[in-house]
Amino acid sequence: MDVIALSVLDLGIAAIFVCALSLVSLFLSLGLEWKILIFSCRMTAQLLFIGVVLRYLFADSSLIMVVFMSMIMLFAAGREVLARQNIRLKGVIGYVIGTGAMFISSFSVSFLALLVIIGVDPWYTPQYAIPLLGMLLGNTMTGVSLALDRLTDQFHKERFIVEQRLLLGQTWQEASSDIRKDSMRTGMVPIINSMAAAGLVSIPGMMTGQILGGTPPIEAVKYQILIMFLIASGTGFGVISAIWMAGFHLFDKRHRLCLEYLTVAKTAKR
Amino acid sequence: MVQLSLSISPLQNDCCRFGVEGLEFLINGPYSFVLKEEECVGLSGRSGIGKTQLLRAMTDLIPYTGQLFLDGVCSTVFNAPAWRSRVTMIPAEPLWWYNNVGDHFQAMVHAESFKEKLGAVGFSEDVLQWQVSRLSTGEKQRLALIRGLCNTPSVVLLDEPCSSLDSYHTTLVEAFISEYLHRNRASVLWVSHDPEQLQRMTDRELCMEKTVLVEKNR
């Protein structure tokens, strides 16, 4: 079966729905009308751009180009994580913690998957490496940003409780354990929910794409299961390491909560 | 001379429990004073002068300069949680983080003396099943006293421990603190805005200014 190629007109018709949504948002005064339009356009531009980039990348599959591309994806994800937090870690460290956590989890999981599980040769073949890393980064980014947002927000709101626990001689790990556990759960719930709904309620995006592209369903399903496992573990480890690093950063050697490392952002995307 | 005072602390005197040397924090200080064993010292001063912050600095909860000694040993020798278990501050408005009162006392519920302690400040044992949201301010204050003393600290820093108590419970708490002080040969620094209480409970009284602590004549 050949893929039915989409024309510009087809995409234009789909865009009408989004424009209608934007109008409704205007009437309901949700304040989202411009955001819907701007981010729709941005998404279109980003995807068209990556389409062109991938075409060149697939033609010339050099390791350097794949690494360069994945670094750009990582830094963009790091910026997104920071932008989604209402209360942020001050300075470069906020960026480093989010980005570092995603790097540790997404990159190691994709590397292992490419090398051991898929076993594609060479392991950095862009047709496999870039989409896989993209799926992992996208989901890890959501998890890490939710978890970090929750963590900083809770420390800000419950600082006096944390101090009370420190006053009773608890270590910073004990005094912040409830907040850290809660943040880790917040970061992991979306992926657990999507595992629960996969196949029953939702047909995951990647599988949809493969089936539309003509892959036999069972093959698509196998790939989807692999991706789900990878995403779940990548997100989980990313969230845990981000929370661990942020907790470590927010307390000093004398087990004091250093809220001066936090800053309230004026505009945060939710 | 300076060398000497650094190597052999002048506070290494057997009756000195707690020593403060040149303590500065925020815009306060430098303060120097000692608390002797089994001594109860009052601390007064106008609102907002920084009494609570002084207690917080003494428990190492906020950054400070200067030195703190417990039985002649400098605070930096202890790790911070160990220091705070020995030099414990009981805040005026204690906070609770679990729903149940009992969950905050897990470590000590089985101790023989625990029921006794609850009784001493006017509670029966079923208080442990209560919801924290049901507690009055005064009840929280009395429970926090027991919670704070569960590590048996040698130095107790009380921040207006009776501010929300009626006269009956004030008497109970005062008796409880004196009993603790003598039994454990502990030192107490007692912040209060009630001159009569300080007169009644403390051996001497310090009045806090921005830069000095003045010994009050009485």
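This note walks through the main features of a predicted model, starting with chain A and then moving to chain B and the contact between the two chains.

1. **Chain A at a glance.** A good place to begin is the list of elements: chain A holds 10 helices and two strands. Read from the N terminus, the order is α-α-α-β-α-α-α-α-α-α-α-β. The C-alpha trace of this chain spans about 70 × 55 × 40 Å along its principal axes.

2. **Burial and contacts in chain A.** Chain A has 270 residues, and 31% of them count as buried. If you take the contacts in chain A between residues at least 6 apart in sequence, 76% join residues at least 24 apart.

3. **Helix α5 against helix α10.** Two packed helices are described by the angle between their axes and the distance between the axes. For helix α5 (residues 126-157) and helix α10 (residues 217-250) of chain A, the angle is about 30° and the axes are 8 Å apart. With that angle, α5(A) is roughly parallel to α10(A). The crossing of this pair is right-handed.

4. **Who meets whom in that pair.** On the α5(A) side, the residues in contact include M135(A), L136(A), V144(A), L151(A) and F155(A). Across from them, α10(A) offers a set that includes I227(A), L230(A), I231(A), V239(A) and L250(A). Glycines take part too, among them G143(A) in α5(A) and G234(A) and G238(A) in α10(A). By class, this contact divides into 15 nonpolar, six polar and no charged residues.

5. **Helix α3 against helix α5.** Helix α3 (residues 63-83) of chain A also packs on α5(A): their axes come within 9 Å and cross at roughly 15°. The two helices are therefore roughly parallel to each other, and their crossing is right-handed. From α3(A) the contact draws on residues including V66(A), M69(A), M73(A), L74(A) and E80(A), while α5(A) contributes P126(A), I130(A), L133(A), L137(A) and M141(A), among others. In total the contact of α3(A) with α5(A) has 14 nonpolar, three polar and one charged residues. If you are tracing α5(A) by eye, V144(A) and L148(A) are worth finding: they belong to the contact with α3(A) and also to the contact with α10(A).

6. **Helix α3 against helix α4.** How is α3(A) set against helix α4 (residues 92-118) of chain A? Here the angle is about 125°, with the axes 9 Å apart. α3(A) and α4(A) are therefore oblique to each other, and they make a right-handed crossing. L74(A), F75(A), A77(A), G78(A), V81(A) and L82(A) of α3(A) meet G94(A), Y95(A), G98(A), T99(A), M102(A) and F103(A) of α4(A). The classes are eight nonpolar, four polar and no charged.

7. **Helix α6 of chain A.** Which residues of helix α6 (residues 159-167) are buried? They are V162(A), E163(A), Q164(A), R165(A), L166(A) and L167(A). These buried residues pack against α5 and α7 (172-175) of chain A, together with α3 and β6 of chain B. Just after α6(A), look for G169(A), which takes a positive phi of about 90°.

8. **The contact between the chains.** In this contact, 17 residues of chain B touch 14 residues of chain A. On the chain B side, the elements giving two or more residues are α3 (80-86), β6 (87-90) and α5 (137-148). The most comes from α3(B), with four residues. Sorted by class, this side of chain B has nine nonpolar, five polar and three charged residues.

9. **The sheet of chain B.** Chain B has an open sheet of six strands with mixed pairing, in the order β6-β7-β8-β3-β9-β10. At its edges stand β6 and β10 (213-215), each with a single partner strand, so one side of each is left without a neighbour in the sheet. On average, neighbouring strands are turned by 20° against each other, direction ignored.

10. **A strand pair to look at.** Within this sheet, strand β7 (residues 155-159) and strand β8 (residues 187-191) of chain B pair in the parallel sense over five bridges. As one example of a bridge, L157(B) is partnered by L189(B) in β8(B).

Notes. Residues are numbered from 1 along each chain as its sequence is written. Chains are lettered from A and ligands numbered from 1 in the order in which they are written. This is a predicted model: local features need pLDDT of at least 70, side-chain atom pairs count only at pLDDT 80 or more; totals for chains, interfaces and linings use all residues. Two residues are in contact if their C-beta atoms, placed from the backbone, lie within 7 Å. Ala, Val, Leu, Ile, Met, Phe, Trp, Tyr, Cys and Pro count as nonpolar, Asp, Glu, Lys and Arg as charged, and the others, Gly among them, as polar. A residue is buried if 20 or more other C-beta atoms lie within 10 Å of its own, exposed if 12 or fewer, and partly exposed in between; C-beta atoms are placed from the backbone. Axes are lines fitted to C-alpha atoms, for helices over the stretch in contact, and angles run from 0 to 180 degrees between N-to-C directions. Angles under 35 degrees count as roughly parallel, over 145 as roughly antiparallel, 65 to 115 as roughly perpendicular and the rest as oblique. A crossing is left-handed if the near helix is turned anticlockwise from the far one by less than a right angle, and right-handed if clockwise. Two strands pair if DSSP finds at least two bridges between them.
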